[in-house]
Amino acid sequence: MMTTDEIPPVSILLVDDHEENLVALRAILASPEYRLVSVTSGEEALSALLRDEFALVLLDVVMPKMSGFEVANHMKQLERTRRIPIVFLTAVATDIEQIYEAYSIGAVDYLIKPLDTRAVRAKVAVFVGLFRQRKEIERQARLLREADRRENELRLAEVRVASDKRYRKLIEGIDSSVGWSMVPETLELTFASRQLPRILGYTAEQLAERDFWFEKIHHPEDRALLVETVRRAVREGIDQTCSHRVIAADGHIVWFQTSMSVARDASGTPELHGISVDVTPIKHAEHVQHFLAEATAALTASLEYRETVATFARIAARELADLCIVDTLEDRTVTMLTAAGTGAEDEAIKRALERRVLLESAAPPAVALAARRGEALLQTEIGGPRWLGQALGAADPDALQCIGAISCMIVPLRARGRTVAVATLVSAGSGRRFGAVDLALAEELATRAALVVDNARLFEEARSASQARDELLAVVSHDLRNPLSSIALGAERLRSSPLDEGLAKVVDVIYRASKRMERLVGDLVDFEQMKLKRLRIEKRVQPAAPLALEAVELHEAIAKEKSVRLEADVSVVADVCCDRERMLQVFSNIIGNAIKFTPEGRSVTVLGRRVDGTVRFSVTDSGPGLPPDQLAHVFERFWQGTGGKPTGLGLGLAIAKGIIEAHGGTIGAESEPGKGCTFFFTLPVAERAVDDARRDGSAEHRLG
């Protein structure tokens with residue numbers, strides 16, 4: 001065996017395209033036990049993996065050129081790297097599809113940035129421990145082969161006398177491995193090295209009893225496999241290997257990887273010799289990884305909050321405990337969300353756990369402490385029949401005695417730095433006593449469940465917000481729009497009536513304000529419909545030039561009132577297939593903005609030309625122009641340039657962009673500070689537009 005000082009450091013590959021993240025990882029994992037290799041790209045990672053042997057890869061998901069998922073795919077295709085555990089590093093924990101993809105590729109876990117120092121160290125330590133166990137088993141196998149060679153390649157199966165000193169010395173010098181000899185016909189042990197009693201907890205006398213080795217302690221499901229392996233070894237005369245389970249004295253399962261061969265004495269009587277290596281830690285790690293992957297898939301199958309919590313309770317009760325109770329804590333009240341397993345449907349238990357008021361005291365219930373501190377509690381042996389009821393804050397602790405609890409874990413479900421729920425896992429009828437390994441697995445499951453539960457809660461909040469938005473949109477589009485239309489119509493009629501100068505000004509203000517409000521409401525409704533892909537576009541073939549000239553005429557009065565010259569040069573002979581009202585809306589937004597930002601005495605020019613199968617319209621103003629940093633945002637929703645008083649919602653150009661793109665056109669803007677702005681858009685000429693409409697199956701089109 002190597003001493004602690006002789007154990008070489010384990011290599012860990014850190015892959016992240018940001019040097020600051022690599023510095024943070026190196027600081028967290030700094031230890032003489034680890035050799036940290038840092039690379040900044042997927043290509044460098046693959047090269048390093050081909051050069052060196054690594055126990056673990058911490059792999060960033062989002063990287064240029066080659067993503068973390070692509071690196072993982074390459075690793076799983078190579079025999080050299082396919083078994084290396086991968087822990088993904090991600091800054092986004094709420095993307096369920098990304099979580100699915102990570103586990104489908106073969107990731108064993110993932111860490112969320114910013115990294116939690118304790119979580120990183122703990123998870124890395126687990127995989128490093130498994131790596132060292134695997135390397136130790138490989139080393140022991142090499143020792144055995146070398147010992148065979150030193151003994152002139154004397155095979156273990158050729159040792160026919162159980163008391164052979166060389167055989168015993170060789171076998172008993174290998175930790176976590178058992179050497180044995182057996183009578184093939186009866187499966188009775190004739191020799192077992194001293195490690196077998198130590199690993200299984202039985203005495204040597206018990207193991208020597210007839211039928212004890214096979215009938216009493218081998219797992220019932222594996223007996224047929226072992227019998228067939230022994231028969232094949234005797235029948236074929238070649239070495240055989242199998243994995244099987246043995247039940248230890250304390251009831252826990254021990255996994256052995258067994259190799260066996262047959263030797264015959266001078267009379268031809270066969271004797272079976274073998275080595276069984278304890279691979280329980282590896283099997284446990286494989287089981288844990290498989291269980292967590294399946295549990296994560298089950299948890300992420302729904303975005304319904306209560307259904308997700310119920311799924312977690314069922315998984316925990318089935319795999320980890322006999323009963324799982326999930327509670328939420330609000331202020332001084334504990335409320336049971338769900339329960340699964342033994343006693344979950346008992347009405348007396350439900351009544352005792354429905355609502356519990358946590359009285360302020362020097363000794364609050366254990367469930368409250370776990371929630372407030374964010375720390376799990378392990379109670380291997382429950383102290384008394386009332387303990388569970390008191391730990392859960394039940395008004396009548398005696399009501400839970402019927403569960404027969406013997407061991408308990410209370411684990412908080414924490415996400416984004418807060419406790420979203422608390423799970424109480426109880427062992428009862430199974431007789432299981434929880435230990436540190438059980439608690440670690442429960443905490444890992446709780447961490448994953450907390451993320452999914454929090455996502456489900458956020459989804460419910462988002463859905464409620466969406467419903468509220470739809471209700472507001474209905475109010476705006478009906479209850480507000482109709483009164484505004486009535487006000488505008490009444491004001492318009494009053495304007496045409498003979499009024500004194502003072503009253504006429506008041507009526508004019510009312511009319512202009514109501515029309516402006518109508519436009520704002522219309523923009524808001526259009527934009528929401530556009531987001532929901534419901535904005536209707538009804539295309540008809542029509543001449544391009546009259547459409548632009550009509551838009552110019554509609555704005556002449558506004559331009560004249562501001563002393564701005566509105567000029568048009570629309571010398572284009574072409575038809576376009578478009579929605580007339582929507583195109584006038586686009587022109588109105590662009591020409592209206594141009595007039596608004598053009599000083600008195602200056603001009604706004606509207607041009608129309610045919611360019612390569614499209615009609616290109618442009619509107620140029622004589623305003624102050626926009627710097628490049630502002631020009632890049634003009635088509636974003638709710639954006640308004642600096643330097644002027646806001647006069648709308650900042651949705652007009654965003655809506656115009658959506659309408660033009662729905663027609664198969666393009667829209668853009670050009671500007672130089674001090675030289676005004678030019679906004680332009682294109683529409684396909686009628687021949688191509690009609691063809692596109694036919695391919696769509698209708699000239700009517702919904703935006704998006």
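Let's start with β19 and β21. These two strands pair in the parallel sense, over five bridges. One position to find on your screen: Leu566 stands opposite Val604 in β21. Keep in mind that this is a predicted model.

Now widen the view to the sheet around that pair. Five strands make an open sheet, in the order β19-β21-β22-β24-β23. The pairing is mixed. The edge strands are β19, residues 565-569, and β23, residues 667-671. Each of them pairs on one side only. From one strand to the next, the twist averages 15 degrees.

What lies across this sheet? Take α18: it lies across β19, β21 and β22. It runs at about 175 degrees to β19. Then there is α19. This helix packs on the sheet and touches β19, β21, β22, β23 and β24. Its direction makes about 170 degrees with that of β24.

That brings us to the largest nonpolar core. It holds 44 residues. Which members touch the most others? They are Phe587, Ile590, Ile591, Val615, Phe617, Phe681 and Leu683. Several elements each supply at least two residues of this core: α18 (544-561), β20 (575-578), α19 (580-597), β21 (603-611), β22 (614-620), α21 (652-662) and β24 (677-684). Which element gives the most? That is α19, with eight residues. As general background, nonpolar side chains in soluble globular proteins tend to be buried together.

Pick out Val615 for a moment. Set aside its neighbours within four places in sequence. Val615 is then in contact with Ala544, Val572, Ala574, Val576, Arg609, Arg610, Phe681, Thr682, Leu683 and Val685. Apart from this core lies another one, of 37 residues. Its members include Phe291, Ala313, Ala316 and Val326.

Back to α21 for a closer look. This helix is mostly covered, with nine of its eleven residues buried. The buried ones are Gly652, Leu653, Ala654, Ile655, Ala656, Gly658, Ile659, Ile660 and Ala662. After α21 comes Gly664, whose phi is positive, near 85 degrees.

Next, another sheet. Here too we have an open sheet of five strands, in the order β2-β1-β3-β4-β5. The pairing is parallel. Why do β2 and β5 each have one side without a neighbour in the sheet? β2 (34-39) and β5 (109-112) stand at the edges with a single partner strand each, so one side of each is left open in that sense. Neighbouring strands here are turned by 20 degrees against each other on average, direction ignored.

Within this sheet, β1, residues 10-15, and β2 pair in the parallel sense over six bridges. Val15 has Val39 as its bridge partner in β2. Helix α2, residues 42-51, packs on the sheet and touches β1, β2 and β3 (56-60). The direction of α2 makes about 165 degrees with that of β1. Helix α3, residues 68-77, lies across β3 and β4 (86-90). It runs at about 170 degrees to β4.

One residue here deserves a stop: Ser11, in strand β1. Is Ser11 buried or exposed? Its relative accessible area is 8%, and the cut-off for buried is under 20%, so Ser11 counts as buried. What does Ser11 touch? Leaving out residues up to four places away in sequence, the list is Arg35, Glu53, Phe54, Ala55 and Leu56. Also look at Tyr34. Ser11 and Tyr34 are 23 residues apart along the chain, and their C-alpha atoms are separated by 5.8 Å.

On to cavities. How many of 30 Å³ or more turn up in a search of the whole structure? There are three. Take the second largest: about 50 Å³ of space lies in it. Its lining is Trp180, Met182, Trp213, His218, Leu226, Val230, His244, Thr258 and Met260. The elements giving two or more residues to that lining are β6 (177-183), α10 (223-236) and β9 (253-264).

Last, the whole protein. Its secondary structure comes to 22 helices and 25 strands. Of the 704 residues, 45% are buried. Now take contacts between residues at least 6 apart in sequence. Among these, 63% join residues at least 24 apart.

Definitions and conventions. Residues are numbered from 1 along each chain as its sequence is written. This is a predicted model: local features need pLDDT of at least 70, side-chain atom pairs count only at pLDDT 80 or more; totals for chains, interfaces and linings use all residues. Side-chain values use heavy atoms; hydrogens and water are left out. A nonpolar core is a set of buried Ala, Val, Leu, Ile, Met, Phe, Trp, Tyr and Cys residues joined through side-chain atoms within 4.5 Å. Buried means under 20% relative accessible area, exposed over 50%, partly exposed in between (1.4 Å probe, protein chains only). Helices (H or I, at least four residues) and strands (E, at least two) are DSSP runs, numbered from the N terminus. Contact means heavy atoms within 4.5 Å. Two strands pair if DSSP finds at least two bridges between them. Axes are lines fitted to C-alpha atoms, for helices over the stretch in contact, and angles run from 0 to 180 degrees between N-to-C directions. On a 1 Å grid over the protein atoms alone, a cavity is a set of points where a 1.4 Å probe fits but cannot get out, and a pocket is an open set with protein on both sides within 12 Å along at least five of seven lines; lining residues have an atom within 4 Å of a point. Grid points are joined across faces, edges and corners, and a volume is the space filled by probe spheres set on the points.
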